[in-house]
There are 2 protein chains.
Amino acid sequence: MNEKMKNLKALLAEVADLRAASAVLGWDQLVNMPEGGAEDRGEQIATLEGLIHIKSTSDEMGKLIEGLELDIKDLDQDSDDARLWRVCKRDFDKATKVTPEHVTEFARVSTVAQSVWEKAKPKSDFKSFQPYLEKLVELRRQYADFFKPWDHVYDPLLDDFEPGMKTVEVQEIFNQLRPKQVELIKSITAKPQVDKSFLSLDYPEKDQLAFGEMVITQFGYDWKHGRQDKSAHPFTTGFGLNDVRITTRFNTNYLPTALFGTMHECGHALFELGIDKKFNRTPLGGGASMAVHESQSRMWENLIGRSRPFWNQYYPKLKEMFPSQLGNVDLDTFYKGINAVEPSLIRVEADEATYNLHIMLRLEMEIALMEGSLAVKDAPEVWNEKINEYLGITPPNYEMGILQDVHWSFGGFGYFPTYALGNLVSAQIWETMAKDINDMDLQVEKGKFEGILGWLRENLHKYGAKYEPQELVEKVTGSKITPEPYIHYLENKYKEIYGL
Amino acid sequence: MNEKMKNLKALLAEVADLRAASAVLGWDQLVNMPEGGAEDRGEQIATLEGLIHIKSTSDEMGKLIEGLELDIKDLDQDSDDARLWRVCKRDFDKATKVTPEHVTEFARVSTVAQSVWEKAKPKSDFKSFQPYLEKLVELRRQYADFFKPWDHVYDPLLDDFEPGMKTVEVQEIFNQLRPKQVELIKSITAKPQVDKSFLSLDYPEKDQLAFGEMVITQFGYDWKHGRQDKSAHPFTTGFGLNDVRITTRFNTNYLPTALFGTMHECGHALFELGIDKKFNRTPLGGGASMAVHESQSRMWENLIGRSRPFWNQYYPKLKEMFPSQLGNVDLDTFYKGINAVEPSLIRVEADEATYNLHIMLRLEMEIALMEGSLAVKDAPEVWNEKINEYLGITPPNYEMGILQDVHWSFGGFGYFPTYALGNLVSAQIWETMAKDINDMDLQVEKGKFEGILGWLRENLHKYGAKYEPQELVEKVTGSKITPEPYIHYLENKYKEIYGL
């Protein structure tokens, strides 16, 4: 057993190193690379990803996993080794069920589709993108078929992002959530809008940077194990569990972009940095799922970063840094401004109250496309109808409608629901944590985050990918993913802000 | 043939991609990596290097090379494919002659030896380093023995840096050079020293950076295919032929460090960026040898960067940037100051007149150590005697004597001579180029470098590693590496500066 497990771990470590190398190349590409390096960099990453795929699906890997099956049965099924083996087996089975021809074909089509989408979006030209989206839907259906029998054609796609989770579970959660959020938005939009014009003044980049760094340093981001750089789109990436980096972007005419973006990415990074180091260079050395990961970014961005206790502590500091911009804006006005609700067309700019509805729209359409009940050619109009139904607004063009997101252009069906699930999980964990930490709001108000970060590490982060997301959420909170805590959170927050 | 060659090139491209990936990880480690990432980064690079070694020495590689042997005979022996095949065969034969056990043992010992040296150097503690150096000498002898029969035990080591070159060739060159340089230094030190105190004033980093960037931009460094960052020790690295980066370091109390360091690394980068792109992702897509590479860094640093024509153009600009430091220093004084000759103990700080003597000392000692005519335990004293003989000074301790360089700590015997050979080649090529470009000095004086860079690209850079260094130098200049042009260069330069 020991020897066999050691061999498996050695191969896993090699794959993990190659993944880390590919991630370093990806980070460099988005942060540092001179433009002339793009083509070669594509080849280099493709070579690494090819090797990762070959090694992950190799006979050697298969035999190592199979050879341990009986030994694992003798272990405590909750032990690290038993769990590691299960994750390896699951990933290997999934990867080897798909034919290499399909993998190649999908890579080819999605690469072309992405570049077609990039050109089509600014021109609102859905027609040119349509045949590629049709092909991608077809390929994703074929992909799902490799995993038959399934309960729902969408299950295998969702499973890639939320291991073990079923489409019906997500639908049930969203069915509870939707009417509550729609109702909430209606009552908010009936009230007078709050002022947020002061967020759109001139905010110099270097001061924004300094403030953001100060905040995430106090959150507990360890600069000996990370760094922050600029990139066109913010992201978090890790090269093993000891070097987890974030990026941000600055809009000098809109304060929230970098401010909340930095907190968001820091939340992702704190999760990765909190995973038990014993899982380093194994498949357990990462987040349990996209939703669990997003719960951590959203928690630091929203439940902490957009909360009143937080700004009780930090608003005086922010005002000091931007006296001419915020000198006449009091704390209450600022707090309401950063939490203003306004139904809008663009998902990535949506506020907390409306965000999930953007996701539900996408999920419903993805399911319909996969089921075949919606034809790609009809999708743009359905999009416009749905957004009008949920938010009362209609896109003036496809750029601000169906073509706005990159996800579909690379066939990333199954990804969107994780954003909304992450919001729900953030509130669910927050509610549990509040029971353990009596003076949690007071700690935030004092700018003390050790208690919160310590609790998250001990109860959530340290497990990495040892558990499936629903298992983990249940382990932490006592129940599977449920929308109530998030609904309560939103209702309480906006009741106060809008006087509902 | 075509199909077989295609397969070989595909495998070579894969190896080249892995090398590029390893280089990106290495660059990141020295430029960006937070300190906490060091251990994992070591594993990641080791995994990549392991894969590179496995693929480079694989049966698959051997069979592809062997399978082409007859086809290659039918080709023009100077064609790209024939040359590529020869280089592949040479590298494969060299790599497979050494046992994997030896490779592992050498990697193990040199890693430990390097960390022992790091601790021993600041304490001038040669005794603690001695057993490791003894082991490394022994291992390098064993390494040489894999390549028997040889003319000289040092040949296989030299060959790793200067393919095809023999120890006796280097000795003959150095035997001609040594008396001339010793004589030159004697006549210079008999003259009054020139003033260079103004180089050691306070020079703000940001202005040094701006001036250096301006200079290398005019040299022709293409920022779309490169960038410059800071690192503890300056270096050049490339990830394919379209992304070649340099680093520099600043000493705010000594202007020459960054100024000439930047020009030096730029010279390396211009070479890599000038290699014909058809050699990208093949073993021909690099410099012909260390000496040829060094000839290019030295040319831009010294033959251009420390020349009077260059400063006729650039000194007014430098003075404008540093008015308080250089306001009272005229061009002649500045020019003499940056070319001051002063026998000193530290190689990396040596001027052009004394530098090669540092190298000769090391080469003589390396050869004696390898031959066994010098015991490691006696090496420190021999070092001190030799430096006294050549430069008339004696190190006060081993830190400034035998322990000063990193090279021996990783067993890098064979490396040092390439520095001096690079100096010689730089002057040899310069002399040839001057025959083709009549107004070369005038072009430098006008800050116009397109003619020079264009000539170097057309006559040298584009060939990459297609030819062995002696072949290439002969192709460019009409003769193999010879010391005369460098001697003339030094004599002319210092005659004027010191009024010899």
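**Figure 1. Buried residues in chain A of a predicted model.** Let's start with how much of the chain is tucked away: of the 500 residues in chain A of this predicted model, 57% are buried. The accessible surface of chain A adds up to about 20,400 Å², and carbon and sulfur atoms own 51% of that surface.

**Figure 2. The overall build of chain A.** Count along chain A and you'll meet 22 helices and three strands. Its C-alpha trace spans about 70 × 50 × 50 Å along the principal axes. A compact globule with 500 residues would have a radius of gyration near 23 Å, and chain A, at 23 Å, agrees with that. Now take the contacts in chain A with a separation of 6 or more: 73% of them come from residues 24 or more positions apart. As for charge, chain A carries 58 positive and 78 negative side chains, yet the centres of these two sets sit just 1 Å apart.

**Figure 3. Inside the largest nonpolar core.** This core has 326 residues. Which residues have the most contacts inside it? They are Phe219, Trp311 and Phe334, from chain A and from chain B. Zoom in on Phe219(A) and you'll find Met263(A), Cys266(A), Leu270(A), Trp300(A), Ile304(A), Phe310(A), Phe449(A) and Leu453(A) touching it, if you leave out residues up to four places away in sequence.

**Figure 4. Cis peptide bonds before Pro149(A) and Pro149(B).** Most peptide bonds are trans, so a cis one is worth a look. In chain A, the bond from Lys148(A) to Pro149(A) is cis, with omega near 0 degrees. Pro149(A) is in the loop between α7 (126-145) and α8 (155-161) of chain A. Over in chain B, Lys148(B) and Pro149(B) are also joined by a cis peptide bond, with omega about 0 degrees. Here the loop holding Pro149(B) runs between α6 (126-145) and α7 (155-161) of chain B.

**Figure 5. Positive phi at Ser124(A) and Arg281(B).** Most residues other than glycine have a negative phi. Ser124(A) isn't a glycine, but its phi is positive, about 55 degrees. You'll spot Ser124(A) in the loop between α6 (100-120) and α7 of chain A. Arg281(B), another non-glycine, has a positive phi of about 65 degrees, and sits in the loop between α10 (256-274) and α11 (290-304) of chain B. Is Arg281(B) buried, partly exposed or exposed? Its relative accessibility is 23%, so Arg281(B) counts as partly exposed; the buried label needs a value under 20%.

Conventions: Residues numbered from 1 in each chain as written. Chains lettered and ligands numbered in written order. Predicted model: local features only at pLDDT ≥ 70, side-chain atom pairs only at ≥ 80, totals over all residues. Heavy atoms only, no water. Core = buried A, V, L, I, M, F, W, Y, C linked by side-chain atoms within 4.5 Å. Buried < 20%, exposed > 50% of the residue type's maximum accessible area, 1.4 Å probe, protein only. Contact = heavy atoms within 4.5 Å. Helix = DSSP H or I, 4+ residues; strand = E, 2+ residues; numbered from the N terminus. Rg over C-alpha atoms; globule rule 2.2 N^0.38 Å. Areas by Shrake-Rupley, 256 points an atom, 1.4 Å probe, with all protein chains shown as cover. Lys, Arg positive; Asp, Glu negative; His and termini not counted. Charge placed at Lys NZ, Arg CZ, Asp CG, Glu CD.
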